[in-house]
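The following paragraphs lead through the structure shown here, beginning with the terms on which the description rests. Please keep the sequence and the model in view while reading.

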Amino acid sequence: MRVQGARASADISASVASQAEQVRSSHAGVNLDEEAARLIQYQQSYQAAAKVLQVAQSLFDTLLQAAAGR
């Protein structure tokens, strides 16, 4: 389960990086401050998604342990 969570996090990270690169390359005369702010926003989104996956995995593990204990 942890490997799947890590793979999902890696996929999300690659997707965010790809989107950031597409946005960067599609604009001429890009404002570096705006781009830096967007990258920070993407990073925070990635971290939030990773935390959601971590909590879901922990919940699932707890449910499995509870079911095995019966």
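A residue is called buried under 20% relative accessible area, exposed over 50%, and partly exposed in between, with a 1.4 Å probe and protein chains only. By that scale E34, at 44% relative accessibility, counts as partly exposed. The model is predicted, so that local features need pLDDT of at least 70 and side-chain atom pairs count only at pLDDT 80 or more, while totals for chains, interfaces and linings use all residues. Residues are numbered from 1 along each chain as its sequence is written, and side-chain values use heavy atoms, with hydrogens and water left out.

The account centres on helix α2, residues 32–68. Helices (H or I, at least four residues) and strands (E, at least two) are DSSP runs, numbered from the N terminus. The expected span of a helix is 1.5 Å times one less than its number of residues. For the 37 residues of α2 this gives 54 Å, and the end C-alpha atoms are 53 Å apart, which agrees.

At the N-terminal end of α2, N31 acts as a cap: one of its side-chain oxygens lies 2.9 Å from the backbone nitrogen of D33. This distance falls under the definition of a polar contact, a pair of N or O atoms within 3.5 Å; within protein, one must be able to donate a hydrogen and the other to accept it, and residues adjacent in sequence count only if both atoms are side-chain atoms.

Which residues carry the charge pairing? Side chains of opposite charge can pair when their charged atoms come close. A salt bridge is a side-chain nitrogen of Lys or Arg within 4 Å of a carboxyl oxygen of Asp or Glu, and the structure holds two. In one, E34 pairs with R38, with the closest N and O atoms 4.0 Å apart; these two residues are four apart in helix α2, about one helical turn. In the other, E35 pairs with R38 at 2.7 Å between the closest N and O atoms, the two being three residues apart in helix α2. Salt bridges that share partners thus join E34, E35 and R38 into one network. An α-helix has 3.6 residues a turn, so residues three or four places apart point the same way.

Within this network, R38 is partly exposed at 30% relative accessible area, whereas E35 is buried at 11%. Leaving aside neighbours within four places in sequence, E35 is in contact (heavy atoms within 4.5 Å) with V23, R24 and V30.

Further along, S45 also belongs to helix α2 and counts as partly exposed at 42% relative accessibility. S45 and R24 are 21 residues apart in sequence and 18 Å apart in space, C-alpha to C-alpha.
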